[in-house]
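Here is a short briefing to read alongside the structure. Please keep the 3D view open, and pick out the residues as you go.

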Amino acid sequence: MKQELADFLNMDLQFVRGVGPVLAARFDEVLGGRRVLDFLLHIPRAVRNRGITECVMDSTYGDTITIPLLVKSHKSGGTFGRGRRRPTQITCTDKSGQMVVIQFFNSSYLDYWLKKLPIGAWRIVSGKIEMSGGRPTMTHPDFIEEMQNAQKIPTNQAIYPSGLGLTQKTFANVRDQIFVALPEKLRGADDNTREFFDALRHVHFPESNDDLTPQSTYIAKLAYWELLAHQAAIVLSRKKREDVKNRRTVRPKKYDLIPKLRDALPFELTGAQNRTINEIFADMDADTPMMRLVQGDVGSGKTIVALAAAVKMAESGAQTALLAPTDTLAVQHFAKLKPMCDKIGIVCDILTGRDKGVARREKLISLRSGRTRLVVGTHALFSDDVEYRDLGLVIVDEQHRFGVNQRESLRAKGNNPDLLALSATPIPRTLSMTIYGDMDISIINEKPAGRKPIKTTKLPMARVGDLVSRIRPQIENGAKVFWVCPLVEESEESDMTAVQTRFDALKTIFKNVGLVHGQMDKKQRDAVMQQFADDNSEMNILVATTVIEVGIDVPHATIIVIENAERFGLAALHQLRGRVGRGDAQSFCVLVYGDNISPDGLKRLNVLCETDDGFVIAEQDLMMRGVGELLGTRQSGWIQYHFVDYREHRDLFRLASAAARNNEIDNWTRDLMRIFDCGVNAGA
């Protein structure tokens, strides 16, 4: 790729005319980056037709129309009842004489709009037409232009997924300026590069919604190139690992610790756990570094498998680092693993961002000396001042939450250490092989003995009062209850329940109710979670948002209520349900749904009620929604494809995989890897 083009693609959006640092920061939140390239990979989701309508009576209420109007009069809004503002109304007529009322509620820009709509002038206006007070009404039009500037209103407007403070006009402005500048940057580019950016141009300037479907010519092209980039990265990663230069001397066994581990376990391992442990041990005895992903359903016993790997590494005198995504999860892992390590006779420690001063220095000395054989922690494990004597194994829990660079930063602390990745989000095996083609995969598909299936039922919102009555005696007998709500605060735009509202309601009924949500101070949130998890605590109900989806282990919690469950994806619901059923007592999950549940929403809840097999649920999720949502940040956080739809592009997966395996990876493919940010340095 030419340097001039590369520099342009990596340019900060704040330097695009009309953007600046504030809007660039807002783009960052929506795009996941603030480069020109990030914008180009963020494509419209729909096309809004704004063809001109001469008469309002020819339109359908609820549609977006573009219509010439003659401004007749202005009527100021004023206030009524407790200072509430009436809308300012501008009466107009169309070419047939039919009255149309334009109204504005926001007084901040009122003078501006009144100047844009002077009495006696014709203006072309575009917006959503509705019936209000028996008259056609348009509230806050999207466009108002003089008649000679009608071409400024797009006939087919691309609608982008947006966020707070970003309008569709802002998106259009940035897009237009980028594509005006691109031809100069593409001078001298090869045919592949030109074809790629031509496809992007067609997608950013769609003529209809058909241009944005997975089957459209240009989306399919871009999807293939994206898959080729990912598959090429996988091929290079595997080649690098298998390269003779990266072979290592197998560490000799110095201590006999695995029998001690088995003796220390208070339970029998399942067949799936034993199979997975044997696969891991075989990898660790090979002269190429292990790269293995362990997929296990919630509660399947992945932590013990990870401990077995750490103990085997300790048999050679080497060290293991277990990387967790949150302080809470790190603390819980440490609380489980340290007593076992004490029985076996190896030193286990924890290192997080909270460790300061003398305590931190002592832990670093212990790691540097090799005394600490297993360290559990967060991103603090790969801080610059953390040194290991002999880091032999890196275990990454909830591995999709860490980027490639973070994982590699930790692996760089050792000499070709083994990597064991854990995931509690089951996905179909065929999809696993595509995403993690550079890794070997083990699946733990059995639950530990004694675990009872969680009884899952669905309940309409109108019966929440009955539900409270039913759980009261169980709480009085010591049960702990999770009560999950989708929102932090009530919103006029949504009928969903907020945690604060539910917390206030339950506090009037029960004495010891806790509250956690994402807007709380992290230390305060963790403290409430720890209090709820404490068996001796009197807190028996925890009202929460999805912050409890991963990383809180409360064996005595036997009930989880999920309000507006129809608004969650299957993967999220399954993860939430996994917060209970972690002990030997019977557990229950109640899926509370709203009045406006859709057929798809009802289908998702029925799937949850029929099975607790995470892999079956993942297959159903994939078939119902496709990889775009299944693999998105909210649902599970795996690869966020920009153009790929698993259901529609299965053939492209196979083609891209074959092309990456069978062909030499050329400069164009490496350019694609840079564009899609999928590990171009691997093997480069």
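What follows is a walk from the whole chain to its cores, its helix pairs and a few single residues.

This is a predicted model. The protein chain has 684 residues, of which 54% count as buried. Its secondary structure comes to 23 helices and 23 strands.

**The chain as a whole**

- The exposed area of the protein chain is about 31,400 Å², and carbon and sulfur atoms supply 48% of that area.
- Taking contacts between residues at least 6 apart in sequence, 71% join residues at least 24 apart.

**The nonpolar cores**

- The largest nonpolar core contains 60 residues. Those with the most contacts inside this core are Leu13, Phe27, Phe39, Phe196, Phe197, Phe643 and Phe676.
- Several helices give two or more residues to this core, including helix 1 (3-9), helix 2 (20-31), helix 5 (168-185), helix 7 (217-242) and helix 22 (650-662).
- Which helix supplies the largest share of this core? Helix 7 does, with 11 residues.
- Phe676 is a good residue to click on: setting aside neighbours within four places in sequence, Phe676 is in contact with Leu41, Phe196, Leu222, Trp225, Glu226, Ala229, His642 and Phe643.
- There is also a second, separate core of 43 residues, with Ile258, Leu307, Ile344 and Val376 among them.

**Two packed helix pairs**

- A pair of packed helices is described by the angle between the axes and the distance between them.
- Helix 10 (residues 302-315) packs against helix 11 (residues 327-344) at an angle of about 45°, with the axes 11 Å apart. That angle makes helix 10 oblique to helix 11, and their crossing is right-handed.
- Where they meet, helix 10 brings Thr303, Leu307 and Val311, while helix 11 brings His333, Leu337, Met340, Cys341 and Ile344. Leu307 and Ile344 also belong to the second core.
- An α-helix has 3.6 residues a turn, so residues three or four places apart point the same way.
- Helix 6 and helix 23 pack at an angle of about 35°, with axes 10 Å apart; helix 6 passes helix 23 in a right-handed crossing.
- Here Asn192, Thr193 and Phe196 of helix 6 meet Trp668, Leu672 and Ile675 of helix 23. Both helix 6 and helix 23 give two or more residues to the largest core.

**A covered helix**

- Helix 18 (residues 570-577) is mostly covered, with 8 of its 8 residues buried.
- The buried residues of helix 18 include polar or charged names you may want to find, among them His574, Gln575 and Arg577.

**Residues with a positive phi**

- Most residues other than glycine have a negative phi, which makes the next two worth a look.
- Phi of His140 is near 50°. His140 sits in the loop between strand 8 (135-139) and strand 9 (143-146), and its relative accessible area of 30% makes His140 partly exposed.
- Asn564 also has a phi near 50°, a positive value. Asn564 lies in the loop between strand 22 (557-562) and helix 18. Is Asn564 buried or exposed? Asn564 is buried, because its relative accessible area is 2%, and the cut-off for buried is under 20%.

**A position in helix 19**

- Asp600 has its place in helix 19 (residues 599-610), and counts as partly exposed at 48% relative accessibility.
- Asp600 and Met624 are 24 residues apart along the chain, and their C-alpha atoms are separated by 8.1 Å.

Notes: Residues numbered from 1 in each chain as written. Predicted model: local features only at pLDDT ≥ 70, side-chain atom pairs only at ≥ 80, totals over all residues. Heavy atoms only, no water. Core = buried A, V, L, I, M, F, W, Y, C linked by side-chain atoms within 4.5 Å. Buried < 20%, exposed > 50% of the residue type's maximum accessible area, 1.4 Å probe, protein only. Helix = DSSP H or I, 4+ residues; strand = E, 2+ residues; numbered from the N terminus. Contact = heavy atoms within 4.5 Å. Areas by Shrake-Rupley, 256 points an atom, 1.4 Å probe, with all protein chains shown as cover. Axes fitted to C-alpha atoms, helices over the stretch in contact; angles between N-to-C directions. Parallel < 35°, antiparallel > 145°, perpendicular 65-115°, else oblique. Left-handed = near helix turned anticlockwise from the far one by under 90°.
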